[in-house]
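Colleague: I'm new to reading protein models, and I'd like a close look at one part of this one. Could you walk me through it slowly?

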Amino acid sequence: MACTNSGCACTPNQSVKCTVNNCAHHCQDKDYCGLDAVQIGTHESNPTQSQCVDCQSFRLK
């Protein structure tokens with residue numbers, strides 16, 4: 001997977017708002033993700049709250 005910042009160009013995907021600054025895909029000067037698409041999943045068998053879902057595209061800087 002190509003990098004989206006840390007020295008590489010980060011083009012904000014205005015369809016994917018993000019405030020997770022320590023993600024490798026976060027566009028640092030904007031609150032957007034630099035990926036074209038993200039994978040969303042859950043760690044619960046029956047999610048009922050927003051806290052139950054996760055961005056599975058997250059990569060630590």
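Colleague: Let's take Asn-13: is Asn-13 buried or exposed?

Modeller: Asn-13 is buried, because its relative accessible area is 15%, and buried means under 20% relative accessible area, while exposed means over 50% and partly exposed is in between (1.4 Å probe, protein chains only). Before we go on, a word on the ground rules. This is a predicted model, in which local features need pLDDT of at least 70 and side-chain atom pairs count only at pLDDT 80 or more, while totals for chains, interfaces and linings use all residues. Residues are numbered from 1 along each chain as its sequence is written, and side-chain values use heavy atoms, with hydrogens and water left out.

Back to our residue. Asn-13 sits in strand β1; strands here are DSSP runs of E with at least two residues, helices are runs of H or I with at least four, and both are numbered from the N terminus. What does Asn-13 touch? Leaving out residues up to four places away in sequence, the list is Tyr-32, Cys-33, Leu-35, Asp-36 and Ala-37, where contact means heavy atoms within 4.5 Å. There's also a polar contact (a pair of N or O atoms within 3.5 Å; within protein, one must be able to donate a hydrogen and the other to accept it, and residues adjacent in sequence count only if both atoms are side-chain atoms). A polar atom of the Asn-13 side chain lies 2.9 Å from the backbone nitrogen of Ser-15.

Now follow the strand outwards. β1 belongs to an open sheet of three strands, ordered β1-β3-β2, with antiparallel pairing. The edges are β1 (13–17) and β2 (26–27), each of which pairs on one side only. Two strands pair if DSSP finds at least two bridges between them, and β1 and strand β3 (residues 32–33) are joined in the antiparallel sense by two bridges. On that seam, Lys-17 has Tyr-32 in β3 as its bridge partner.

Over on β2 you'll find His-26. His-26 is buried, because its relative accessible area is 0%. A polar atom of the His-26 side chain lies 3.1 Å from the backbone oxygen of Cys-18. His-26 is also 16 residues from Cys-10 in sequence, with 8.0 Å between their C-alpha atoms.

For a contrast, try Cys-55 in strand β5 (residues 53–55). Cys-55 counts as partly exposed because its relative accessibility is 39%. Not counting neighbours within four places in sequence, Cys-55 is in contact with Val-38, Gln-39 and Ile-40. The C-alpha atoms of Cys-55 and Gly-41 are 6.4 Å apart, although 14 residues separate the two along the chain.

Keep going into the segment after β5 and you reach Leu-60. Leu-60 counts as exposed because its relative accessibility is 60%.

Finally, step back to the whole chain. The protein chain has zero helices and five strands. Buried residues make up 28% of its 61 residues. Of the contacts in the chain with a separation of 6 or more, 23% are between residues 24 or more positions apart. The accessible surface is about 4400 Å², and 49% of that belongs to carbon and sulfur atoms; these areas come from the Shrake-Rupley method with a 1.4 Å probe, and for residues only the protein chains shown count as cover.
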